[in-house]
Amino acid sequence: MNTSPLRPGFLIPAAILLLAVVAPLLSENRYLHHLMIMACVWGIAATALNLVMGYAGQVNLAHGAFFGIGAYTSGLLMLKLGIGFWIALPLACLTAALFGLLIGMPSLRTKGAYFAIGTLCFNVIVTVIIDRWENLTEGQRGLLGIPPPSAIPLPFGLTVRFDNNMVATYYLFLIMLLLTLFVTRRIVVSLMGKDFRAVKGNEELAASIGINPFRTKLIAFVTSTFFAGLAGGLYASYIGFLSPDISDFHVTFEVLIQVMFGGIGTLAGPIIGATILPVISETLHALAAYRMVAYGVMLIVVIIFLPTGIMGGLKIVWTKCITRK
Amino acid sequence: MDLFLQQVINGIMVGSVYSLVALGLTIIYGILGVPNFAHGSLYMLGAYFSFLLVTAGGVNYWLAILISMAALTVIGMVIERIVFRPLVNAPHLNSFIAAIGLIYVIDNVALIVWGPDFKRFPPLYDQLYHFLGVTITLHRIIIVITAVVLIVLLELFIKKTTIGSAIEATAQDRVGARLSGINVTRVDMWTLGLGTSLAAAAGALIGPILLVYPAMGGAVTLKAFVIIILGGMGSIPGAILGGFLLGLIESIGGAYLTTNYHEVLAFGLLVTVLAIKPTGLFGKAH
Amino acid sequence: MLFQTMGLTKRFGGLTAVSDLSFGIEEGQIVSVIGPNGAGKSTVFNLVTGVHRPTAGRIELMGRPITGLKPYQVARQGVARTFQSTTVFGQDTVFENLVIGHRLRTGSGLFSALLVSGRERGDRKKSMAKAEELLSFLDLEHYRDEAAGNIPQEAQKRLSIGIALATEPKLLLLDEPTGGVNLEEDDSLIRIIQKIKASGVTICLIEHKMKMVMGISDRVVVLSYGSKIAEGDPQSVSRDKNVIEAYLGPGYAAKD
């Protein structure tokens, strides 16, 4: 096996990471910074969905709800209780994971279409509750004025401030994305990750060799909701405003499309999808409906002709190049 | 008591429409194994087509329903051909996602073509009838009768025609059906056409009572899924019964449990049932 | 007795699939469960491995009850199985199939994964060594890196046995190990079954090919309509009047 540090599996991600680190310093363009920050948020959300869907094979259609639960938890904690960002963010992740546990326990006993539809129904319920529980969530008026991350003190009297500092915000979010990726990678290459694969491949066979399918799926599901909560928490403090739409099942579908487009079941795929698709959608903002039609067509075309997404396409091209040599 | 009776009648009316939608969805699931998330979008198209035929085309309402059903049959068949057929042998996830893609396409094409505003049918059969302290419009009675007639026709179609028995055989045993010379690919296509035409009929029937707008299908799709999961996916009697049951539950529950949350009653019900019995109320183990 | 069932009964609605079945397996033996189609053989396996819950009766492994355990728990107790329709992880390579088969002998969970603990590394090394060993035991080396779904049917059969063996079972249940392969290929599978026996694993197999059962079994249990109609060594069972009737229909035994 090729294990040299120059192999493409190492070189290409390293180059992209370098670009991601240097890029904000090369341009003053705030809009570019905004897109990069959002790419991190969606990158985390898509990586999380990919973990449960791409690796453990469970089509969780409540992802947007967990994103929303994370966002509202951190938003409410900061606004209503005055808790600082650095406490609110982990609490947002834990709350999302707790709901993940509560919902995962009953719903993961169902399979296939039942699970997909059951989770989709849960997503609708969450959005309606956020919308109607006005005493808590302000309903349709939304939560306004969620503060940005509080400053980090550094030695020698220096501080890193995040208010109105998009470059610092970007680096913070990038670190969170890398952390998410790191954990996901660790899991999928581990023996635990093999359990995921086995359960995805054939639950009955997996059980016959001593793997507990329910527990395996639950671990994947709860881990995924934890990171969905992280993405939501970051989103809340960057955008500063939340409305019930942010937990809507359209968010689920949006993230789902990012995962499929980039390449389900690969580490890089969701990041690629989460970077490219929001750019397309922001560019075509004025043409909202046309953009959605294009999304739909793209989703169908990708799923029929390139079910492994961009990453799958790249892999095919790469294998062709190698065999030609 | 009057309130209760009124809600029962409303429930039956809504339930008959639910039954039609769920019936279409369940036969599609039974044959193709695809949860067609876009089913509600096709119901929406059915409502728009009949609305346009009646208002812009000046066509008779009943003729408009028939034309909409025919048009949606064709659209359903085209969808089977270009979207679901290439995915027959792919993992299930892929056809889930293709169906979600279809929602985006259909709903937004409707949005572009017809705009976001709510459309209202001209007054049709809005004579009022009073009995036992209950008020009901003629149109509501017509909906229930028409839905029941369509359900009976579907049953006859499946039992009495060659296409129908091919569909039934394929639903029971796809491989066996293929071995005995049934062209299951063609059955897939017919089934999508048939199921979609039922959604169109439902949209066309309820259109004059509700408003017609591009996003009208979303909640209906989900409720139809709730019904067929509760009634057993692929089961025709389950869909019919479940449709009426959900209509009644919503209508009676909505009147008495006057909360903000009655529109999610169905989804709460489903999540609860699945938590207790993961294969649905009448579902088999696998 | 390594394994025994006592009064095992399973009813599905009104239908009794297995009725009051008691039989045992001595350590190191091959015991075959035979019977005409629909006799309830696969149901017995599904009861033993926890796929179905018995309506009544007990199942014991080495004197410990395993009745009512879930499939993964039964596997952890030391009972491995194959399925009637060849079942492998088709997307994974042959080697990966065997590695995952050894999973229950390793303990690494989520936290070892996150920390890449020494335990995780040790477990991985152990699983890979086991997989290598089984590759050569089952003569699958040349398929090592191929997707399991793409190798020939007979090799998939061997692989499915390998996945079960990777769990290091005390009792191996084989559901029609030669079903769906041709006659010449039967021999290679029979050799493997005998090799497994020689390595000290106790085997219970379901078959309807009588010839194969007679050649390799130490004892045979015959089921008909869910009940045991005969039990004993292959020779005596094959001469049993009830067995001949069950297989060939009433009347045949009388003429004999």
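## A tour from the A–B interface to the sheet of chain C

Start by selecting chains A and B: 42 residues of chain B are in contact with 41 residues of chain A, contact meaning heavy atoms within 4.5 Å. This is a predicted model, in which local features need pLDDT of at least 70 and side-chain atom pairs count only at pLDDT 80 or more, while totals for chains, interfaces and linings use all residues. Residues are numbered from 1 along each chain as its sequence is written, chains are lettered from A and ligands numbered from 1 in the order in which they are written, and side-chain values use heavy atoms, with hydrogens and water left out.

**Stop one: between chains B and A**

Stay with this pair, since of the two pairs of chains in contact, A and B share the most contacts. Together they bury about 3500 Å², 83% of it on carbon and sulfur atoms; buried area is the accessible area (1.4 Å probe) that two parts lose on being put together, summed over both. Zero salt bridges cross this interface (a side-chain nitrogen of Lys or Arg within 4 Å of a carboxyl oxygen of Asp or Glu).

Now colour α3 (61-84), α4 (92-114), α9 (217-231) and α11 (265-276) of chain B: each supplies at least two residues of the side that touches chain A. Helices here are DSSP runs of H or I with at least four residues, and strands are runs of E with at least two, numbered from the N terminus. The largest share of that side of chain B, 15 residues, comes from α4(B).

**Stop two: over to chain C**

Next, show chains B and C. No contact joins them, and their closest C-alpha atoms lie 11 Å apart.

Hide chain B and look for the open, mixed sheet of chain C, with six strands in the order β6-β7-β8-β3-β9-β10; two strands pair if DSSP finds at least two bridges between them. At its edges are β6 (79-81) and β10 (227-232) of chain C, each with a single partner strand, so one side of each has no neighbour in the sheet.

Zoom in on β3 (residues 30-34) and β9 (residues 219-224) of chain C, which pair in the parallel sense over four bridges. Here C:V31 stands opposite C:R219 in β9(C).

**Last stop: helices on the sheet**

Add helix α1 (residues 41-48) of chain C, which packs on the sheet and touches β3, β6, β7 (171-175), β8 (202-207) and β9 of chain C. Its direction makes about 145 degrees with that of β8(C); axes are lines fitted to C-alpha atoms, for helices over the stretch in contact, and angles run from 0 to 180 degrees between N-to-C directions. Finish with helix α7 (residues 183-198) of chain C, lying across β3, β7 and β8 of chain C at about 155 degrees to β8(C).
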